[in-house]
Amino acid sequence: VKRSRPLTVIISTAGAGQGGLAWDWWEYSHKVASGEIEDPSFAPIIFAADPEADWQDEDAWRQANPAIDAGFCSIEELRIKARRIQHFPAEIADFRRFHLNQWQEGAAEPWIALDLYDAAEEPMPESELLGRPCYVGVDLSSVEDLSAIVAVFPDGPRYDVLAHFFLPEEGLQRKVEEDRADYLRWAKEGYLTLTPGNVIDHDAIVEQLIAWATDYSIHEVAIDRWNSTAVTTRLQEEGFTVAQFGQGFASMAAPVKEMKRAILSGHFRHGGNPLLRLCFANAVAERDAAENEKLTKANSRGRIDGAVAAVMAIGRALANESGPSIYETERPDGLLFI
């Protein structure tokens with residue numbers, strides 16, 4: 001505003017994760033270029049391959065690098081690099097970003113492909129879930145990170161899924177950039193509760209579960225054994241049946257397998273919750289010698305709390321469908337250990 005004809009030039013390649021300023025500009029540029037947004041003061045110039053283009057297609061290389069044939073970028077060097085990296089998913093993701101200008105999401109080698117996750121059937125309207133039995137998974141953060149609660153409503157081979165998330169509001173902008181997540185928008189849209197201060201407010205989580213219990217028939221709440229004593233006690237005081245859920249292969253292998261089946265068949269009806277989608281985009285599986293899988297935060301690229309909570313909820317739904325597991329023990333205080 002200090003000059004009569006100001007000019008700002010922004011130059012960047014595509015990034016990773018749908019959060020932060022870079023994603024906002026990327027999305028805005030495409031909307032102006034397509035005519036969805038009219039802004040005569042903004043001139044987007046985009047050299048990028050089609051988002052679905054094969055990364056090994058040389059026509060896609062030229063689409064994103066129009067100066068290749070003029071020698072500005074060596075086509076032979078790109079060929080050599082493409083041959084070398086074809087068995088290294090992380091390097092393929094970088095090739096897509098930096099040579100094809102294709103925006104990347106989540107882990108380079110995710111547990112489930114997002115196009116399969118996105119192809120889910122439409123969920124039941126929430127009004128039709130009223131009074132239906134459900135199982136809830138709770139994944140608590142350590143102190144200042146994302147926490148998740150996920151309810152699954154079994155419907156034969158299908159699961160209707162509700163998810164809600166919690167995050168301390170202090171330092172929010174830093175978390176947006178670190179996680180590449182649009183937390184502020186998702187809070188406004190009702191997917192996320194921002195709690196005051198710089199540590200997670202567990203009371204807000206309990207209150208949300210109490211609110212859910214007024215609408216839905218919560219049969220059990222599954223919660224990670226680690227760092228959950230206070231929340232477990234509070235939930236039991238409120239009348240919830242609580243199952244403490246381990247994070248090893250013995251507890252997670254069966255529900256992970258069942259959740260993969262439901263996703264692949266379109267039966268994991270998640271309703272497009274963007275924060276839950278982010279967690280699945282980041283999720284990476286760890287396998288044991290018997291090819292059992294569990295979702296692990298250690299190998300994942302970003303937050304996966306919602307995916308882990310969904311596994312726990314499905315685990316309790318399976319257990320109650322088939323009877324108690326031999327790995328379960330019940331204590332005198334009513335807690336189930338799995």
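## Exercises on salt bridges

At 16% relative accessibility, aspartate 179 is classed as buried. The model is predicted.

**Exercise 1.** Which classes, buried or partly exposed, hold for arginine 303 and for aspartate 179?

Solution.
- Buried requires a relative accessible area under 20%.
- Aspartate 179, at 16%, therefore counts as buried.
- Arginine 303 has 23% relative accessibility and counts as partly exposed.
- The side chains of these two residues, arginine 303 and aspartate 179, meet in a salt bridge with an N to O distance of 3.2 Å.
- Arginine 303 sits in the loop between β9 (293-295) and α13 (305-322), and aspartate 179 in helix α7 (residues 172-179), so the pair ties together parts 124 residues apart in sequence.

**Exercise 2.** Locate the partners of the salt bridge between glutamate 121 and arginine 158, and classify their exposure.

Solution.
- The N to O distance of this salt bridge is 2.9 Å.
- Glutamate 121 belongs to the loop between α5 (114-118) and α6 (126-129), while arginine 158 belongs to strand β3 (residues 158-168); the pair links distant parts of the chain, 37 residues apart.
- Glutamate 121 is partly exposed at 28% relative accessible area, and arginine 158 is partly exposed at 25%.
- Shared partners join Glu121, Arg132, Asp155, Arg158, Asp160 and Arg269 into one network of salt bridges.

**Exercise 3.** Is aspartate 69 buried or exposed?

Solution.
- Exposed requires over 50% relative accessible area.
- Aspartate 69 has 62%, so it is exposed.
- Aspartate 69 forms a salt bridge with arginine 62, with the closest N and O atoms 3.2 Å apart.
- Arginine 62 is partly exposed, at 29%.
- The structure holds 21 salt bridges.

Notes
Residues are numbered from 1 along each chain as its sequence is written. This is a predicted model: local features need pLDDT of at least 70, side-chain atom pairs count only at pLDDT 80 or more; totals for chains, interfaces and linings use all residues. Side-chain values use heavy atoms; hydrogens and water are left out. A salt bridge is a side-chain nitrogen of Lys or Arg within 4 Å of a carboxyl oxygen of Asp or Glu. Buried means under 20% relative accessible area, exposed over 50%, partly exposed in between (1.4 Å probe, protein chains only). Helices (H or I, at least four residues) and strands (E, at least two) are DSSP runs, numbered from the N terminus.
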